[in-house]
Amino acid sequence: MSNLEAAGSWAKKYFLASRALMESVLRPYDLGSTQWYVLYLLANEGPVNQRKLTRMLEIERATLSAVISALVRKGLIEQMPDLDDQRQKVLQITTAGRKLWATLPDPIELIATVAFDGVDAEEIATTNRILREATQRLINHKKGSK
């Protein structure tokens, strides 16, 4: 296996391990990782157009619709008509959602703390830069091949 194949393999293993940790942290709160990201964005960005949220999270509309339905059913977010375009929906976090958000541990912080404990800040910065640039090259390549 070449170094590049190994890097891809480790990137996938890191993703799967971090996602498993995130799921285990959120399970007691009856939340999945995508539900957490929706709450994160609404708690920190304020009301967001549902179409924009699909782009922000880079997920399919059907997936987001299921996540939103679950969060609405739990009373954590609400959908309202967009004042500029009545066909669109705007999402906002509810009072119950804010109360839950205030009690949630931050799984991203936990993952970073556990995964990079003792790693030099310069090495972390290099890792972030390499992964960001590699990801952007893959995205650009995909766009160019359409």
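How many bridges join β1 to β3, and in which direction do these strands run relative to each other, parallel or antiparallel? In this predicted model, two bridges join β1 to β3, and the two strands run antiparallel.

## The sheet and the helix packed on it

The pairing of β1 with β3 belongs to an open sheet of three strands, arranged in the order β1-β3-β2, with antiparallel pairing. The edges of this sheet are formed by β1, residues 48-49, and β2, residues 77-81, each of which pairs on one side only. Strands of a sheet pair through backbone hydrogen bonds, and this pairing can be either parallel or antiparallel. Between β2 and β3, which run antiparallel, there are five bridges. Particular residue pairs can be named at both junctions: V48 has L91 in β3 as its bridge partner, while E78 stands opposite Q92, which is also in β3. Helix α2 packs on the sheet, where it touches β1, β2 and β3, and its direction makes about 85° with that of β3.

## Helices with a buried face

Two helices, α3 and α5, can be described through their buried residues and the elements against which these residues pack. In α3, the buried residues are Q50, L53, T54 and L57. Viewed down the axis of α3, these residues fall within an arc of 105°, so they line one face of the helix. Their packing partners are α2, β1, α4, β2 and β3, a list that includes each of the three strands of the sheet.

In α5, which spans residues 95-103, G97, L100 and W101 are buried. The arc that they cover around the axis is only 105°, which puts them on the same side of α5. On the other side of this helix, T95, K99 and A102 are exposed. The buried residues of α5 pack against α2, residues 33-45, and against β3, residues 89-93. Helix α2 is thus a packing partner for the buried residues of α5 and for those of α3, and it also packs on the sheet.

## Individual residues

Four residues are set side by side below, each with its location and its relative accessible area.

| Residue | Location | Relative accessible area and class |
|---|---|---|
| S33 | helix α2 | 4%, buried |
| D30 | loop between α1 and α2 | 53%, exposed |
| E58 | loop between α3 and α4 | 68%, exposed |
| A134 | helix α7 | 28%, partly exposed |

What surrounds S33, once its neighbours within four places in sequence are left aside? The residues in contact with S33 are then R19, M22, E23 and L26, and these lie within the span of α1, which covers residues 3-26. The classification of S33 as buried rests on its relative accessible area of 4%, because buried means a value under 20%.

D30 and E58 each have a positive phi although neither is a glycine, with a value of about 60° for D30 and a value near 55° for E58. Both are in loops: D30 is located between α1 and α2, and E58 lies between α3, residues 50-57, and α4, residues 61-73. Since exposed means a relative accessible area over 50%, D30 at 53% and E58 at 68% both belong to that class.

A134, which is placed in helix α7, is partly exposed. The C-alpha atoms of A134 and Y37 are separated by 23 Å, and the two residues are 97 residues apart along the chain.

## The largest pocket

What volume does the largest pocket have? Its volume is about 1500 Å³. This pocket is lined by 31 residues, of which A11, Y14, F15, L131 and T135 are the closest to its centre. The elements that contribute two or more residues to the lining are α1, α2, α3, α6, residues 107-115, and α7, residues 121-144. Among these helices, α7 gives the most to the lining, with 11 residues. Helices α2 and α3 therefore take part in lining the pocket, while the buried residues of α3 also pack against α2.

Note on methods:
Residues numbered from 1 in each chain as written. Predicted model: local features only at pLDDT ≥ 70, side-chain atom pairs only at ≥ 80, totals over all residues. Heavy atoms only, no water. Buried < 20%, exposed > 50% of the residue type's maximum accessible area, 1.4 Å probe, protein only. Arc of directions from axis to C-beta. Contact = heavy atoms within 4.5 Å. Pairing = 2+ DSSP bridges. Axes fitted to C-alpha atoms, helices over the stretch in contact; angles between N-to-C directions. 1 Å grid on protein atoms, 1.4 Å probe; cavity = no way out; pocket = protein on both sides within 12 Å on 5 of 7 lines; lining within 4 Å. Points joined across faces, edges and corners; volume = space filled by probe spheres on them.
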